[in-house]
Amino acid sequence: MHDFSIQISSNLINRLTEDDEKLKKRTNKTKPRVPREPRQPQTKVDQKQIPDDSEKQNKTTGSGWPVPPPMFLPLNQPPYSATAELEAIQSVVKESENVVEKLRKQEDNMVQEVTQRAKDLHEKEFKIPEQKPMPCLVENNACMECYKENVKDVTKCAPLAQKYADCARRVRQLVKSSGK
């Protein structure tokens, strides 16, 4: 018959012993099964960094892509120039202040104008109209005095009453002639 030789590697022995230990651990556990979400592949935190050897950089990874060279960022980055942005903000603030000042002046002018118009309207609306002198006032007063003095004999006041009536007639004629 044929002679066969079987070689057992140490790797195979390690895997077989680990499987036995895993089985023993599984039989000892008495926890109820709880449905779990599938595990996400975890990234390894302690990955070895690629040294800066030119030979290793030229080698390709298992996927066939060349390993990119490490990227170095400057440690001391130039400070961000905030002066330009600050100047732009200050100019906007100045413009805003100018606009606010113009609006305040415009508001003051409008307040003065509205106040003046309100005063004018108030004066026109609530002003007592100028009293025109009553025509024939002298004759009317004389006739009234006579009637007060001569209560028992009013016929004595007839001439004063006639003067008052004549005055009233003249005023009516003036009004009619000026109205035409």
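**View 1. Surroundings of N140 in helix α4 of the predicted model.** Leaving aside residues up to four places away in sequence, N140 touches M134 and Y164. The residue sits in helix α4 and has a relative accessible area of 14%. N140 is therefore buried, since the cut-off is under 20%. Helix α4 spans residues 137-149 and has the highest mean pLDDT among the elements of the chain, 92.

**View 2. Backbone at C136, in the loop between α3 and α4.** C136 is not a glycine, yet its phi is positive, at about 60°. Most residues other than glycine have a negative phi. The loop that holds C136 follows α3 (83-126) and leads to α4. With a relative accessible area of 9%, C136 is buried. D166 lies 30 residues from C136 in sequence, and the two C-alpha atoms are 9.3 Å apart in space.

**View 3. Salt bridge between D166 and R169 in helix α5.** Helix α5 covers residues 158-179 and contains D166. The side chains of D166 and R169 meet at 3.0 Å, N to O. The partners are 3 residues apart in the helix, about one turn. D166 is partly exposed, with a relative accessible area of 26%, and R169 is also partly exposed, at 41%. The structure holds 2 salt bridges; the other view of such a pair follows.

**View 4. Salt bridge between R117 and E113 in helix α3.** The N to O distance between the two side chains is 3.0 Å. Both residues belong to helix α3 and are separated by 4 residues, about one turn of the helix. R117 has a relative accessible area of 55% and counts as exposed because that value is over 50%. E113, at 42%, is partly exposed.

**View 5. Residues 86-124, annotated as a coiled-coil region.** The annotation comes from an unreviewed UniProt entry. In the model this span is 100% helix and 0% strand. Its end C-alpha atoms lie 57 Å apart.

**View 6. Nonpolar surface patch around helix α1 (10-28) and the segment before the helix.** The patch is formed by I6, I8, L12, I13 and L16. Together these residues have about 510 Å² of accessible area. I8 lies in the segment before α1. Its relative accessibility is 57%, so I8 counts as exposed.

**View 7. Helix α2 and the stretch of low pLDDT.** Helix α2 (residues 54-58) has the lowest mean pLDDT among the elements of the chain, 48. Over residues 53-58 the pLDDT is below 50. Beyond near neighbours in sequence, this stretch makes 5 contacts in the model. Where pLDDT is low, the predicted coordinates should not be read in detail. For the chain, the mean pLDDT is 77, and 67% of its residues reach 70 or more.

**View 8. The chain as context for the close-ups, with 5 helices and 0 strands.** Read along the sequence, the pattern is α-α-α-α-α. Of the 180 residues in the chain, 4% are buried; C136 and N140 are among them. Contacts between residues 24 or more positions apart account for 30% of those with a separation of 6 or more. The chain exposes about 19000 Å², of which carbon and sulfur atoms supply 56%.

Terms used:
Residues numbered from 1 in each chain as written. Predicted model: local features only at pLDDT ≥ 70, side-chain atom pairs only at ≥ 80, totals over all residues. Heavy atoms only, no water. UniProt positions renumbered as here; feature names shortened; annotations may be inferred. Helix = DSSP H or I, 4+ residues; strand = E, 2+ residues; numbered from the N terminus. pLDDT = per-residue confidence, 0-100. Contact = heavy atoms within 4.5 Å. Patch = residues over 30% accessible without salt bridge, like charges linked within 9 Å, V, L, I, M, F, W, Y side chains within 5 Å. Areas by Shrake-Rupley, 256 points an atom, 1.4 Å probe, with all protein chains shown as cover. Salt bridge = Lys/Arg side-chain N within 4 Å of Asp/Glu carboxyl O. Buried < 20%, exposed > 50% of the residue type's maximum accessible area, 1.4 Å probe, protein only.
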